[in-house]
Every structure is written in structure tokens, then in C-alpha cells.
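Colleague: Could you give me a close look at the ligand site in this one? I'd also like a quick tour of whatever else stands out once you're done there.

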Amino acid sequence: MPTLFDPIALGAFQLPNRILMSPMTRGRADTATAVPTPMMINYYARRADAGLIITEATGISRQGLGWHGAPGLWTEAQVAGWQPITAAVHKNGGRIVAQLWHMGRASHSDFNDGAQPVAASAIAIKGHTYTPLGKKEYEVPRALETNEIAGIVADYAHAAANAKLAGFDGVEVHGANGYLLDNFLKNANNKRTDQYGGSAENRTRFLAEATAAVVNVWGADRVGVRISPLNKFNDAADSDPQALYEVVAKTLSPFNLAFLDVLETLPGHFMYTEGEPVHPAIRQHYKGPMVLNGGYLLDEGSAALASGAADAIAIGVPYLSNPDLVSRLKNGWPLAAPSDPSTWYMGGTAGYDDHAVYGK
Ligand SMILES: Cc1cc2nc3c(=O)[nH]c(=O)nc-3n(C[C@H](O)[C@H](O)[C@H](O)COP(=O)(O)O)c2cc1C
């Protein structure tokens, strides 16, 4: 029976173990330019023991990015900012893919010269966000015109091509957590009447087109896709996630992707959402390698491999305070105290990369 510490091939990625570092926004890039900063080099390089690092969500365009200090991949300066990061990860023997992100209605006009954020439909997220001008209510987004979608698909392709120039090993399409592609998937959020709304097949079309665009750049064996069937972050909601994700699984399966990354948190863990788990149905209908994430550590991950529920797991929060997480789990070394949530999404070096490796 495979363990988490056995190697596995996910598409073209040869992983020395079955633990991926889950994508985590840390807000340490330059807010004005979305260029990665030098402090991000060691942060990622020190986590190179992961089977595969998935970067923090990374904007594909100015329109798609509205988060303080989140990085991008649409300008030459951003590409140059990523180059020393990917090089340092490779030097430490690791592998790293960029998570490609369009935030949709979770962005704000303050980030985009006053241009309204865009979404499947003109429905605002309840609550507030933080913009360069302070705490603001989420805005009512503008529903995308049908003929604008091809342009955003092209932005995915452009960012994917830039990821190559930046030295990444591949990309992950962010189709989770209520951002633009997920916003199109879910019927409480997508009220469109064109070919991108209505049936589950129609709502999956944008995700499939964005995936096809980046596959065209990288080859399917260097592309992963992330989905979150139940997560209600950013007011994401669907009345029948089982039916929707059966269609999503059947749509993505023929791409022969490197992996499908399913965020579906175990009870009692960060981001847990009540509801009948959808990942077993996805496993049935999706033929390629599948990664599970959400509360998985040694015991839960080993059980997921043993039951055949997953081929590998991704780990998020524990990676924040344990740069050497795989070594700690493998050797039975204790984990460091959890990282301080006030340092998760913003700030300087404090709480970012000041966690020691075991024994140091
Ligand atoms: C600080 C922080 C930032 C996150 N940013 C992202 C992100 O950029 N993209 C994403 O898909 N998920 C993001 N997540 C979710 C994690 O990738 C992961 O799905 C979640 O933490 C559950 O896994 P875990 O229990 O192993 O932490 C973030 C989570 C945290 C704690």
C-alpha cells in the first residue's frame, strides 16, 4: 500500500512524496505592481521538500486581481520577480507551479482604476473587503458580456505563457473558493441565460475553456485544476453540488490533466462546510490523479491513500509554521506551534518566514 512518503508521478511531475503544499495567499508582493518581493524567495525555497509547491493565488490580469500584496503574472516585471523564486526552489530540489487566479466579483474598483469588478451575474458578495483606500463593501459586479469571455480565456493563456518564462514547472487553474471560474460554476451565483449559464454543462464551460487555454500552452501533464464543491467562501453556493461536480469531473477527465485538486475540508478543520462530501462522486467520474485537501495531515492523508479516495494530499495551514513539514511528518518530529493568523494574509517578514526547521 502506498504511503505519503512514496514517490508518485502526477502527469509530468515526478514527486518524491505525495504531499503538496496547498496554495496560500500571503500578501507579501508589491501592492501597486503585484511584483513578487525578495522575501518570497526563501519562503518558497525553504518549503522545497513538498512533493509539489502550489504558489499563492497569482493574478492573470489587472482586472482579475484585487488583493493587497498578491502577486501577478501578466507583466514582464512580475515574471522577473518570480524567476529567482522558482530558481531557488529548483536549487533546493523542489518543484513549483503557479496558481492562476481571476478574482471576479471579489475584486474591487479601487484596485483597477475605478473599473467595476466582473462576474457571472450582477450579484455582490455580502460583507467587506480591504482596498488600497481602506475597508469597503464589496461592489455589485458587472455581468460579463458573452463576447468578453474569450478575452479572459486569453488572459489565462498569457499568464500561463508567462509562468513558463518565470521558470515554473507548470500551473494550477484556480477554479475554487468563489472566484471567477467558481462563480460561473454555481447556480446561486450564476444567473446567466447565455451558453455560460443555465445547465451544469453550460456553467462548466468557462472553466473548461480556461483549462483548455493553459493546456494549450503547457500540455495537460503540467496543468492541475483546483475546485471546491462545498466551500461557501465569497458566498459561493450551488443547490446540487453532487450533480454539478459530476459534470465538472466528466468535463475535466478527458483533458488528462496532471491532477485535480479537490478542496473539501474534513469536519473540525479550517474552511469546513457542512454537507454531503462530493469528492467520492468526483473520484468515480474523474479518471486521472486526484489530490484531496482540507484538514489532512499524516493520519488523514494515509487513510485517504489507503481507502483509494486520493492519490496525494495537499496541506495548507501546517506549512505556514513548518517549512520542513515533510521531514517532520516522515521522521515523527513534533510540529511547530500554529502560525499567528494575524500574519497570514499581510505584513512584513514577521510571521512570514521566521519559522525554524526542526532542531534549529
Ligand atoms: C493564509 C491562507 C491563504 C490561502 N490562500 C489560498 C489561495 O491563494 N488559493 C487557494 O486555492 N486556497 C487558499 N487557501 C486555502 C488553502 O489552500 C487550503 O485549501 C486550506 O487552508 C485547507 O487546507 P489545510 O487544512 O491543509 O490548511 C488559503 C488558506 C490560508 C490559511
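Modeller: Here's the ligand site, followed by a few other spots in the chain. Keep in mind that this is a predicted model.

Start with who is around the ligand. It is surrounded by 20 residues, and P23, T25, N293, G295 and G316 are the closest of them. For polar contacts, let's go through the ligand's atoms. One of its nitrogen atoms sits 2.9 Å from a polar atom in the side chain of Q99. On the oxygen side, a polar backbone atom of G295 is 2.7 Å from an oxygen atom of the ligand. G295 is also one of the closest residues listed above. The side chain of H174 comes in too, with an N or O atom 3.3 Å from an oxygen atom of the ligand. So how much of the ligand's area does the protein bury? Taken alone, the ligand exposes 610 Å², and 96% of that is buried by the protein.

Now for a histidine elsewhere in the chain. H279 belongs to helix α7, which covers residues 279–285. Its relative accessible area is 14%, and because that falls under the 20% cut-off, H279 counts as buried. As for what H279 touches, leaving aside residues up to four places away in sequence, the list is V262, E264, M290, L292, Y296 and A309.

If you're checking backbone angles, look at two asparagines. N234 has a positive phi of about 60° although it isn't a glycine, and N256 also has a positive phi, near 55°. N234 is in the loop between β11 (223–227) and α6 (241–252). N256 is in the loop between α6 and β12 (259–263). Buried or exposed, then, for N234? Buried, because its relative accessibility is 8%, under the 20% limit. N256 is exposed, because its relative accessible area of 59% is over 50%.

Last stop, the surface. F270, Y345 and M346 form a nonpolar patch there, and together they have about 320 Å² of accessible area. Of these, Y345 is placed in the segment after α10 (325–331). Y345 has a relative accessibility of 34%, so it counts as partly exposed, in between the 20% and 50% cut-offs. That value is also over the 30% that a patch residue needs.

Definitions and conventions. Residues are numbered from 1 along each chain as its sequence is written. This is a predicted model: local features need pLDDT of at least 70, side-chain atom pairs count only at pLDDT 80 or more; totals for chains, interfaces and linings use all residues. Side-chain values use heavy atoms; hydrogens and water are left out. Helices (H or I, at least four residues) and strands (E, at least two) are DSSP runs, numbered from the N terminus. Buried means under 20% relative accessible area, exposed over 50%, partly exposed in between (1.4 Å probe, protein chains only). Contact means heavy atoms within 4.5 Å. Patches are made of residues with over 30% relative accessible area and no salt bridge: like charges are joined within 9 Å, nonpolar side chains (Val, Leu, Ile, Met, Phe, Trp, Tyr) within 5 Å. Accessible areas come from the Shrake-Rupley method with a 1.4 Å probe; for residues, only the protein chains shown count as cover. A salt bridge is a side-chain nitrogen of Lys or Arg within 4 Å of a carboxyl oxygen of Asp or Glu. A residue is near a molecule or strand if one of its heavy atoms lies within 4 Å of it. A polar contact is a pair of N or O atoms within 3.5 Å; within protein, one must be able to donate a hydrogen and the other to accept it, and residues adjacent in sequence count only if both atoms are side-chain atoms.
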